[in-house]
Amino acid sequence: MELGVKYIFQRIGFYLVAAWVSVTLNFILPRLMPGDPASLLLSRISGRLRPEQIDALKKVYGLTNSPLPVQYIQYLKQVLHGNLGISIYNFPTPVSEVIATGLMWTLLLGLTAVVISFVLGNLIGVIAAWRRGGWVDSVMPPLMIFIGSFPYFWLAMLCLFVFGFELKLFPISHAFGMNVTVGFNLPFLIDVVRHTILPAITIVLVSTGGWALGMRNTMIGVLSEDYITMADAKGLSNRRIMFGYAARNALLPAVTGFGIALGYVVGGALLTEIVFSYPGLGFQLLTAVQNLDYPLMQGLLLVITLAVLIANFIVDLIYVRLDPRVRIQARE
Amino acid sequence: MEANEPRIPGVTAPSVKTRPDNNNIGLPHPKYPLRDLIRKLTQNKKVVAGGTILVAMVFVVAFAPLIAPGDPMAFVAQANQPPSAEHLLGTSGQGQDVFVQLIRGSRVSLLTGVFVGLIATILGIIVGMTAGYFGGAVDNILSVVMNVFLVIPGLPLLVVLAAFLPRTPATIVLVLGLTGWPGTARVLRAQTLSVRTKEYVSAAIVGGESIFRVIFAEILPNMASIVASSLLGGIAFGIVAEAGLEFLGLGDTSRVSWGTILYWAQNNAGLLTGAWWTFLPPGLCIALAAFSLTLINYSVDEITNPALRSQRSGGAILRKLYLRSRATPVVPNEK
């Protein structure tokens with residue numbers, strides 16, 4: 001597969017720039033605080049820290065007396081070595097270790113929810129566009145816009161209240177219960193699934209509408225193309241025209257949108273985690289903010305951003321597979 | 001829509017086709033485009049519904065102290081009392097009147113949204129149109145900046161930013177405004193690129209008009225619908241995102257807004273004590289505000305893009321024949 005290689009390299013270049021921007025943002029953020037960042041940071045958390053913690057903190061931030069460019073280069077070096085510093089709250093656990101546990105849970109919850117909402121949303125969009133003016137098409141858009149208007153975290157609160165608190169159908173917090181042993185055993189896995197359903201439903205509820213509306217609108221455009229009329233004239237079955245001809249082509253913008261939407265979904269998933277006390281990156285982020293654990297906070301921002309960049313890159317790779325034009329473009 | 005915008009440089013987007021002017025034969029050309037648009041808007045059910053909700057909310061914001069007098073932070077009764085005649089929406093976990101808080105909090109929530117929308121849209125216009133108008137290296141650099149900020153997830157960045165900066169409503173407005181612009185910029189860039197090649201723009205340039213005038217007086221008015229839709233979307237984003245940040249306790253928690261009501265509801269375990277009145281109303285208000293804005297937004301899109309309008313006329317037979325009827329479009333396909 002040498003076709004599309006040029007395109008892939010272009011994208012890699014772009015993501016490297018994006019990664020560099022986010023690392024630099026991470027460097028600038030603490031220095032955005034009004035006044036002298038070092039003393040401000042320390043005064044905010046004074047009394048909570050032992051001297052060695054303060055030293056570690058200073059070191060991580062490069063808040064020594066060296067000039068900014070030197071600090072910046074030191075910071076870049078540390079990040080490249082995967083050294084995100086030491087968590088203040090969980091002293092002396094390295095930030096990277098703390099994040100690793102959270103990342104696992106977020107990936108589980110996020111991937112499940114995103115895949116379900118993508119498939120479901122696009123399917124609804126296809127049906128709505130195919131039977132334009134039918135009941136799916138009349139009921140779906142306003143309903144989806146309405147549900148999509150709710151903040152993720154509020155819908156999460158509602159789900160938690162109705163299904164967890166009132167109906168007691170699902171557990172209301174954490175990723176697994178107290179009475180199961182962590183490991184690869186059936187009771188544990190079942191428990192994890194039970195704990196994931198409610199937060200996942202929340203994310204699916206809010207994010208499905210966007211896919212459905214986008215798909216409907218692109219599909220309507222595609223349906224007026226000549227090759228659809230041609231397919232119909234050939235006497236192909238409706239199902240084949242619908243999925244093999246129309247939906248297949250209408251899916252391209254949805255795949256592109258997938259990468260962009262991912263950022264929003266990640267944000268929403270973070271808030272959902274907080275409501276459900278689900279031990280993923282979002283919950284960790286809030287705890288870090290509450291504990292003024294600045295290294296952990298920044299490490300989380302960096303990891304979340306990089307994860308989204310990687311996901312976007314994977315989407316780009318899929319795009320090359322799906323859209324032959326990209327490959328032809330690269331060949332010329 | 002931005003979904004149609006090509007991500008791969010070089011591959012032309014089917015959506016940004018320039019409309020040949022002679023295609024308009026048979027369609028009455030509106031004499032007053034703005035008046036015509038307003039007439040279409042007021043005839044649209046969705047716009048009327050969304051507009052009514054919006055006007056009602058503006059009314060509440062304007063007369064909040066009259067509708068719900070009293071100090072929203074005052075402890076007026078026992079904590080977590082269910083709704084009663086005296087306290088229409090019960091009391092919060094700290095014994096405050098939820099109804100008073102809800103009405104008085106609308107001001108911070110909605111104004112934040114408006115300011116966020118304005119800042120994001122203005123930034124989007126400046127960056128997007130500069131990139132689209134000048135093209136070349138300027139466009140390349142600005143496009144990379146836009147795409148980088150589009151791809152970096154917003155919420156974690158907002159949370160960390162808000163954690164580092166002083167906790168005031170102004171901070172939240174600035175943080176949200178400064179992160180909300182790339183989507184608008186991208187759409188406007190694509191549109192500017194296509195409008196830039198129109199004859200009247202060339203005429204204006206040749207006529208010796210300043211770049212500033214060409215961009216803002218010649219090109220910008222042609223993107224009124226995109227700007228309007230960006231502004232509406234920006235306001236909705238601002239309202240929801242502000243609530244999110246406040247909910248996390250990153251705002252000024254001593255100030256009443258819909259977000260802080262939710263923050264206190266969560267922190268005082270309003271959920272686990274069954275005090276639904278502490279978190280249902282603010283969430284519904286946020287959703288209602290965002291819903292009305294989105295409703296108007298989609299309708300503007302529908303009105304300016306006839307291809308999206310759902311066809312309601314005709315029965316089952318027509319729908320069955322639908323595939324064939326599509327082959328001979330009556331209206332020239334604009335999208």
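Mentor: Two residues are in contact if their C-beta atoms, placed from the backbone, lie within 7 Å. Keep that in mind for this predicted model.

Trainee: Among contacts in chain A between residues at least 6 apart in sequence, what share joins residues at least 24 apart?
Mentor: Take chain A and keep contacts between residues at least 6 apart in sequence. Then pick out those joining residues at least 24 apart. Their share is 74%.

Trainee: What is the corresponding share in chain B?
Mentor: The cut-offs for chain B are at least 6 apart for counting and at least 24 apart for the long-range group. That group's share is 69%.

Trainee: Where in chain A is confidence lowest?
Mentor: The mean pLDDT of chain A is 80, and 86% of its residues reach 70 or more. Confidence is highest in helix α9 (residues 226-233) of chain A, at 90. Where pLDDT is low, the predicted coordinates should not be read in detail. In chain A the lowest mean, 61, belongs to helix α2 (residues 37-45).

Trainee: How many helices does chain A have?
Mentor: From the N terminus on, the elements of chain A run α-α-α-α-α-α-α-α-α-α-α-α-α. Strands number 0. The helix count of chain A is 13.

Trainee: And how many helices does chain B have?
Mentor: Chain B has 0 strands. Its secondary structure comes to helices, and their number is 15.

Trainee: What percentage of the residues in chain B count as buried?
Mentor: For chain A, buried residues make up 45% of 332. Chain B has 335 residues, and the buried percentage there is 43%.

Trainee: Which helix gives the largest share of the side of chain B that touches chain A?
Mentor: The contact takes 61 residues from chain A and 55 residues from chain B. On the chain B side, α5 (136-151), α6 (154-164), α11 (224-247) and α13 (280-304) each supply at least two residues. The largest share, 9 residues, comes from α6(B).

Trainee: How many residues on that side of chain B are nonpolar?
Mentor: Sort the side of chain B that touches chain A by class. Charged residues come to 5 and polar ones to 11. The nonpolar count is 39.

Trainee: Is α8(B) largely enclosed or open?
Mentor: Its buried residues include Ala185(B), Leu188(B) and Val195(B). The cover over them includes α4 (98-134), α5, α9 (199-206), α10 (211-219) and α11 of chain B. Because 12 of the 14 residues of α8(B) are buried, the helix is largely enclosed.

Trainee: How far apart are the end C-alpha atoms of helix α8 (residues 182-195) of chain B?
Mentor: Allow 1.5 Å a residue for its 14 residues. The expected span is then 20 Å. The end C-alpha atoms agree, at 20 Å.

Trainee: At roughly what angle do the axes of α12 (residues 258-267) of chain B and α13(B) cross?
Mentor: Trp258(B), Ile261(B) and Leu262(B) in α12(B) meet Pro282(B), Gly283(B), Cys285(B) and Ile286(B) in α13(B). Those contact residues divide into 6 nonpolar, 1 polar and no charged. The crossing is left-handed. The axes come within 9 Å and cross at roughly 150°.

Trainee: Is Asn90(A) buried, exposed or partly exposed?
Mentor: Asn90(A) sits in the loop between α4 (68-80) and α5 (95-130) of chain A. Buried needs 20 or more other C-beta atoms within 10 Å, and exposed needs 12 or fewer. Asn90(A) has 16, so it is partly exposed.

Technical notes:
Residues numbered from 1 in each chain as written. Chains lettered and ligands numbered in written order. Predicted model: local features only at pLDDT ≥ 70, side-chain atom pairs only at ≥ 80, totals over all residues. pLDDT = per-residue confidence, 0-100. Helix = DSSP H or I, 4+ residues; strand = E, 2+ residues; numbered from the N terminus. Nonpolar A, V, L, I, M, F, W, Y, C, P; charged D, E, K, R; others polar. Expected span 1.5 Å × (residues − 1). Axes fitted to C-alpha atoms, helices over the stretch in contact; angles between N-to-C directions. Left-handed = near helix turned anticlockwise from the far one by under 90°.
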